[in-house]
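Subject: The structure I promised you

Hi,

Here is the structure we talked about. Have a look at it first, and then read on for what turned up.

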Amino acid sequence: MAHIVLDQASVELAVYNSRGRALKSEILRRTVGGGLQNDRDSSIQVVKALNEVSFEARDGDRIGLIGGNGAGKTTLLRVLSRVYPPTAGRATVEGRVSSLIDLSMGMDTDATGYDNIEMRGIMLGLDRKQAQAIIPDIEEFSELGEFLSLPIRTYSSGMMLRLAFAVSTAVHPDILILDEIIGVGDAAFAAKAEKRLHSMIEKASIMFLASHDNKTIRRFCTRTLWMKSGRLVMDGTPDEVLSAYGEDISR
């Protein structure tokens, strides 16, 4: 059974050679979240992207993440995806995780579509035999035909996205991580992709969805976390948290 516990989890990121560049420092402060801290080495800035965040998620939770740009939402999703380990505190994530934050992660442009299906499947926690077993499903869903035998550097951006989405959604996870609801390809393929994504949401034990769209949060989530400057400000129902967040940004 899927289970997540964050206990005073913090993430500090070292940014090299940014001191003394006021514009770059300000951009980093606004986009990464948290705050910039001085380091003994004058060539390094330390960004506290997540600051002592604590919560627990159990089977059945559908959790929305809200907050402005740079609030720490993406950093939190990367901790939940096991991409970033906390630099302080603790993050315990039990269950198979599928993260749709970066669909093309782990794909090799010089390898064929078939090779990338296998490599990406292994990154998602499958063994080689299991990764090969999902190939027929991806062939049918992606509609890429003979292009799967070619290096993916020959693909258009739309074809690349189709393959990446098909592989990433071929594995049914215990924990599903989403950064906005994904739109893929033309209208016909987008409708098929939306149906597949909704099926994943229904089957996942725990889901996290970061979104700037209140309707999306209310539609898919039963609980909402409000992030601000790397901290967890509020944890409650979507209506409660969205109301408090709306009041805060209107001040």
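Let's start from the outside: the accessible surface of the protein comes to about 12,400 Å², and 49% of that belongs to carbon and sulfur atoms. Keep in mind as you read that this is a predicted model.

Now for the overall picture. The protein has 251 residues, and buried ones make up 47% of them. Its secondary structure comes to 9 helices and 10 strands. If you take the contacts with a separation of 6 or more, 70% of them are between residues 24 or more positions apart.

**A strand on the inside**

A good place to zoom in is β4, which covers residues 62-66. How many of its residues are buried? The count is 5 of the 5, so β4 is largely enclosed by the rest of the structure. In general, side chains in a regular strand alternate between the two faces of the sheet. For β4, both faces are covered: Arg-62, Gly-64 and Ile-66 are buried on one side, and Ile-63 and Leu-65 are buried on the other.

Which strands does β4 pair with? One is β8 (residues 206-210), in the parallel sense and over 4 bridges. Here Arg-62 stands opposite Met-207. Another is β9 (residues 223-228), again parallel and over 4 bridges. On that side, Gly-64 stands opposite Thr-224.

From β9 you can carry on to β10 (residues 231-236): these two strands run antiparallel and are joined by 5 bridges. Try finding Trp-226, whose bridge partner in β10 is Met-234. Together β9 and β10 form a hairpin with 2 residues between them, and Ser-229 in the turn has a positive phi of about 50°.

**Charged pairs**

Side chains of opposite charge can pair when their charged atoms come close. In this model the count comes to 13 salt bridges. Here are some to look up.

Lys-48 and Glu-12 meet through their side chains in a salt bridge, at 3.8 Å from N to O. This pair links distant parts of the chain, with Lys-48 in β3 (residues 44-58) and Glu-12 in β1, 36 residues apart. Are the two partners buried or partly exposed? Lys-48 counts as buried because its relative accessibility is 18%, under the 20% limit. Glu-12 is at 33%, so it counts as partly exposed.

Glu-143 is worth a stop too. One of its salt bridges is with Arg-162, where the closest N and O atoms are 3.2 Å apart. That pair also links distant parts of the chain: Arg-162 is in helix α6 (residues 157-168), while Glu-143 is in the loop between α5 (135-142) and α6, and they are 19 residues apart. Arg-162 has a relative accessible area of 14%, so it is buried.

Glu-143 also forms a salt bridge with Lys-192, with 2.7 Å between the closest N and O atoms. Lys-192 is in helix α7 (residues 187-203), 49 residues from Glu-143. With a relative accessibility of 24%, Lys-192 counts as partly exposed.

There is a network of salt bridges as well, and it links Asp-61, Arg-223 and Asp-235.

**A histidine with company**

Next, go to His-3 in strand β1, which spans residues 3-16. His-3 is buried, with a relative accessible area of 18%. Which side chain does the side chain of His-3 make a polar contact with? The partner is Glu-56, at 2.6 Å. Leaving aside neighbours within four places in sequence, His-3 is in contact with several residues, including Ala-57, Arg-58, Thr-92, Val-93 and Ile-206.

**Back to the surface**

Last stop: Val-83, Met-105 and Met-123 make a nonpolar surface patch of about 250 Å². Look for Met-105 in the loop between β6 (97-99) and α3 (113-123). Met-105 has a relative accessible area of 34%, so it is partly exposed.

If you only have a few minutes, I'd start with β4 and its two covered faces, then go on to Glu-143 and its salt bridge with Lys-192.

Happy exploring!

Methods
Residues numbered from 1 in each chain as written. Predicted model: local features only at pLDDT ≥ 70, side-chain atom pairs only at ≥ 80, totals over all residues. Heavy atoms only, no water. Patch = residues over 30% accessible without salt bridge, like charges linked within 9 Å, V, L, I, M, F, W, Y side chains within 5 Å. Areas by Shrake-Rupley, 256 points an atom, 1.4 Å probe, with all protein chains shown as cover. Salt bridge = Lys/Arg side-chain N within 4 Å of Asp/Glu carboxyl O. Buried < 20%, exposed > 50% of the residue type's maximum accessible area, 1.4 Å probe, protein only. Polar contact = N/O pair within 3.5 Å; in protein donor to acceptor, adjacent residues only side chain to side chain. Contact = heavy atoms within 4.5 Å. Pairing = 2+ DSSP bridges.
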